[in-house]
Amino acid sequence: MRILGFGTYDVRSHPRVGVLFEGLRERGFFVREVDEPLNIGTAQRVKALSSPASAARFAAAVVKRWGRLIRRRAAYRGRNAPDAVLVGYLGHFDVLLARVLFPSTPIVLDHLIFASDTAKDRGLLGHGLSERFKSRLLKAIDGAALAAADVVVLDTADHRALLPTAARGKEVIVPVGAPARWFDAGKKREEAESRGIENSVVQCGAEEPVSARADEVSAGCESASAPDLPLSAVFFGLFTPLQGAPVIARALALLENRGTRIDVTLIGDGQDAQAVRETLPAGECVRVSWMDWVDSADLPGVVARHDVCLGIFGTSDKARRVVPNKVYQGLAAGCPVIPSDPPPQRRALGRGALFVEPGNAQALADALEELAKAPSKGPSSKDVRESFRAARVTAPLDDILRRLCRHGAPA
């Protein structure tokens, strides 16, 4: 069966669609891609609703990429025609073009985010009339995208509630999962641990240990995961409100006051980054290394060299409906994971994580301190993480695609 990946997605920045393609290939599908990355995020898309200049730039970028997509579509006719088209992440507009270019082909939309929901979560809608206008327009965009698709791929069952009535019954739940390279990093971590090699953290592209030696640390700091090395934790992301990164900063300030030794690597930049910087402690026990950017190919190795991976801690409705990619990826890389505990994460991760209450900096500090003092008590995740390989998470989509391609798209 032939699947065509189509759209303006960017697998390097948003690996979810890459997991779908990887899993379908492993399950025997022949997957090709027609992709022209747009490289415009949610914030810029919402800004285009209120700024004529931003709207013009956005439209010009879309038209340019769509022109290329239309030209490349010519190679997929006749014998080369796909059995189904899968439109990638942020494909709210791309799915409309796919519907025009492939009118009789089943269209699958990876609807990882609802535009209106995400804009609200990030505080991008404004207030008053502006908020109502943008919210209605974004809901209309969501509705049009969902109407154009024959199958809608969601990441959690909790997102079903956001589907309009007309789209109910089209959905299939496919967890985000993790690409193979994250599992490869986890395997290398295990091999290193089996040889008794201490983890080190990659800093600015060089393999240099961030963790301080015992004689470099103040005598007022308590010993941690090893006689001479503090616990090392990593957080990576876009620093959106959903991720709750300021909660991490407040937890680190508490740990500094308690005299708990811990080394933390923060990776990324974004909306809440400045608030995090202003809250981080400036002391001797908690040491923070901030990397604004790490190439997606290098990120698994960086994460795997830490003792623990931090999830998201936001308190919004959206934060309570998702299981973020970083917890899947952290588990795949062999790290114990500390996420917040809304129902979707509890169901997905089970005993494979050490959960804390969303927004609760003290609970996060307690969890980190527990691991710092007794890392062997961290959650065992080996059996859990295997369920997040690409071929496993795409099983429900496999079933849907085979049925669609046998019987054709629904009328």
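Me: On the other side of α3 from its buried residues, which residues are exposed?
Reply: This is a predicted model, so keep that in mind as we go. To count as exposed, a residue needs over 50% relative accessible area. On that side of α3, the ones that pass are Pro52, Arg57, Val63 and Arg71.

Me: And where on α3 do the buried residues fall, seen down the axis?
Reply: Start with the list: Ser54, Phe58, Ala61, Val62, Arg65, Leu69 and Arg73 are buried. An α-helix has 3.6 residues a turn, so residues three or four places apart point the same way. Looking down the axis of α3, the buried ones fall within an arc of 115°, so they line one face of the helix.

Me: How far does α3 reach from its first C-alpha to its last?
Reply: Helix α3 covers residues 52-73, which is 22 residues. At 1.5 Å a residue you'd expect 32 Å. The model comes close to that, with a reach of 31 Å.

Me: Which residues have the most contacts inside the largest nonpolar core?
Reply: That core has 32 residues. Helices α7, α10 and α11 and strand β9 each give two or more residues to it. The residues with the most contacts inside are Trp182, Ile267 and Val303.

Me: Which residues does Val303 touch, leaving out those up to four places away in sequence?
Reply: Touching here takes heavy atoms within 4.5 Å. With the close sequence neighbours left out, Val303 touches Trp182, Val234, Phe236, Cys309, Gly330, Ala333 and Cys335.
In soluble globular proteins, nonpolar side chains tend to be buried together. Two names from that list worth keeping in mind are Trp182 and Phe236.

Me: Are the rings of Trp182 and Phe236 stacked or edge-to-face?
Reply: Planes under 30 degrees apart count as stacked, over 60 as edge-to-face. The two ring centres are 5.7 Å apart. Their planes are at 20°, so the pair is stacked.

Me: How many residues apart are Trp182 and Phe236?
Reply: Trp182 is in helix α7, while Phe236 is in strand β9. The pair links distant parts of the chain, and the gap is 54 residues.

Me: What angle lies between the planes of Phe235 and Phe239?
Reply: Both of these residues are buried, and their ring centres are 5.4 Å apart. This pair is edge-to-face, with the planes at 80°.

Me: Which residue has its charged end over the ring of Trp290?
Reply: Ring pairs link Trp290 into a cluster with Phe235 and Phe239. A charged end sits over the Trp290 ring, 3.8 Å from its centre, and it belongs to Arg277.

Technical notes
Residues are numbered from 1 along each chain as its sequence is written. This is a predicted model: local features need pLDDT of at least 70, side-chain atom pairs count only at pLDDT 80 or more; totals for chains, interfaces and linings use all residues. Side-chain values use heavy atoms; hydrogens and water are left out. Helices (H or I, at least four residues) and strands (E, at least two) are DSSP runs, numbered from the N terminus. The expected span of a helix is 1.5 Å times one less than its number of residues. Buried means under 20% relative accessible area, exposed over 50%, partly exposed in between (1.4 Å probe, protein chains only). The arc is that of the directions from the helix axis to the C-beta atoms. A nonpolar core is a set of buried Ala, Val, Leu, Ile, Met, Phe, Trp, Tyr and Cys residues joined through side-chain atoms within 4.5 Å. Rings of Phe, Tyr and Trp (its six-membered ring) pair if their centres lie within 6.5 Å; planes under 30 degrees apart count as stacked, over 60 as edge-to-face and the rest as tilted. A charge sits over a ring if NZ of Lys or CZ of Arg is within 6 Å of the ring centre and within 35 degrees of the ring normal.
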